[in-house]
Amino acid sequence: MGLTAGQLAMALSPTRERPVLTEVDIDNKTYKVYVETDDKTFSSIDEIEDETVTSPLGIQVPIKDVAKVEEGTSPNSIMQIDGKVVVQVTANILASDVTKASSNLQAEIDKLDLPDGVEVKFGGTTEQINDTFTQLGLAMLAAIAIVYFVLVVTFGGGLAPFAILFSLPFTVIGIMVGLFIAGGTLDVSAMMGGLMLIGIVVTNAIVLIDRVIHKEKEGMPTREALLEAGATRLRPILMTALATIGALLPLVTGLEESAGIISKGLGITVIGGLISSTLLTLVIVPIVYEFLMKFKRKESKIKK
């Protein structure tokens with residue numbers, strides 16, 4: 001009868017856009033004029049089947065003559081993001097560790113066999129946490145670059161600061177061990193603690209290497225300067241680390257529940273990273289420094 005499925009859908013679908021009949025200017029203001037009609041409602045399948053549609057030939061055709069009407073289900077509303085249909089599922093997280101709850105949910109979703117073209121994305125608090133992680137990661141990179149620049153300016157060269165920065169990777173060992181022992185996760189508080197460690201950890205290496213450089217300027221060989229600096233700077237390095245750890249203990253063992261949730265991860269991260277970096281700084285940094293100095297002397301000989 002000249003009808004298409006689209007024409008039937010248009011006839012039965014509710015009006016979404018109201019056509020503008022005309023515009024009226026009143027007191028230098030333009031008002032749009034619409035024609036409003038009552039939306040049709042159907043109480044039964046029979047009413048839908050008896051509804052008529054005008055064909056291109058001008059004939060009123062009942063829907064039952066050109067279509068089969070069946071009862072089914074459909075969403076109350078359709079949400080689209082970037083032109084894609086989206087189904088939103090919300091939930092309130094009752095656990096205090098939001099990151100762990102989100103990771104557990106992500107693990108369960110990864111087990112699902114999703115149809116082609118279907119993907120799951122997290123929003124809400126989880127999305128904010130991921131954004132915060134990204135921002136803190138960029139802040140850490142910027143902090144390392146700033147620390148290196150300040151050390152280069154201070155020491156007047158790039159090799160000694162490079163050796164000092166070797167104390168930073170070993171903080172990861174202490175962070176992971178500390179979080180594992182305490183049963184924590186790598187959340188925003190822990191990331192903030194990692195950002196703090198960038199400034200705290202290099203202090204011990206600076207104290208050590210600064211002493212080595214002074215002894216080298218006095219004519220002492222690099223190996224003997226490292227041994228002398230390790231012996232003389234051991235006490236202040238340990239005192240600084242222990243004092244910092246002692247100051248952070250109240251954060252880890254806080255009596256207030258809210259303070260424990262917010263500060264525990266930060267305190268554990270800083271304490272664990274400081275312990276591992278302090279112990280390894282006394283071993284790794286001298287080795288790296290001596291290697292770099294030997295490489296520097298070889299380069300100088302080749303140039304000569």
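These legends go with close-up views of a predicted model.

**View 1. A hairpin built from strands S1 and S2.** S1 covers residues 20-26 and S2 covers residues 29-34, and the two run antiparallel, joined by 6 bridges. Look for Thr22 first: its bridge partner in S2 is Val33. Then find Val24, which sits opposite Tyr31 of S2. As a reading aid, side chains in a regular strand alternate between the two faces of the sheet.

**View 2. The turn between S1 and S2.** Just 2 residues lie between the strands of this hairpin. Asp27 is the one to zoom in on, with a positive phi near 55 degrees.

**View 3. Helices H7 and H8 crossing.** Here H7 (residues 188-217) meets H8 (residues 222-252), with axes that come within 8 Å and cross at roughly 145 degrees. The crossing is right-handed.

**View 4. Side by side: the residues where H7 and H8 touch.** From H7 come Asn204, Val207, Leu208, Arg211, Val212, Lys215 and Glu216. H8 answers with a set including Thr222, Ala225, Leu226, Glu228, Ala229, Arg233, Ile237 and Thr240. It's a mixed bag: the residues of this contact split into 7 nonpolar, 5 polar and 5 charged.

**View 5. A low-confidence stretch, residues 256-260.** Across the chain, pLDDT averages 80, and 90% of the residues score at least 70. Over residues 256-260, though, pLDDT stays under 50, and the model gives this stretch 1 contact beyond four places in sequence. Where pLDDT is low, don't read the predicted coordinates in detail.

Note on methods. Residues numbered from 1 in each chain as written. Heavy atoms only, no water. pLDDT = per-residue confidence, 0-100. Contact = heavy atoms within 4.5 Å. Pairing = 2+ DSSP bridges. Helix = DSSP H or I, 4+ residues; strand = E, 2+ residues; numbered from the N terminus. Axes fitted to C-alpha atoms, helices over the stretch in contact; angles between N-to-C directions. Left-handed = near helix turned anticlockwise from the far one by under 90°. Nonpolar A, V, L, I, M, F, W, Y, C, P; charged D, E, K, R; others polar.
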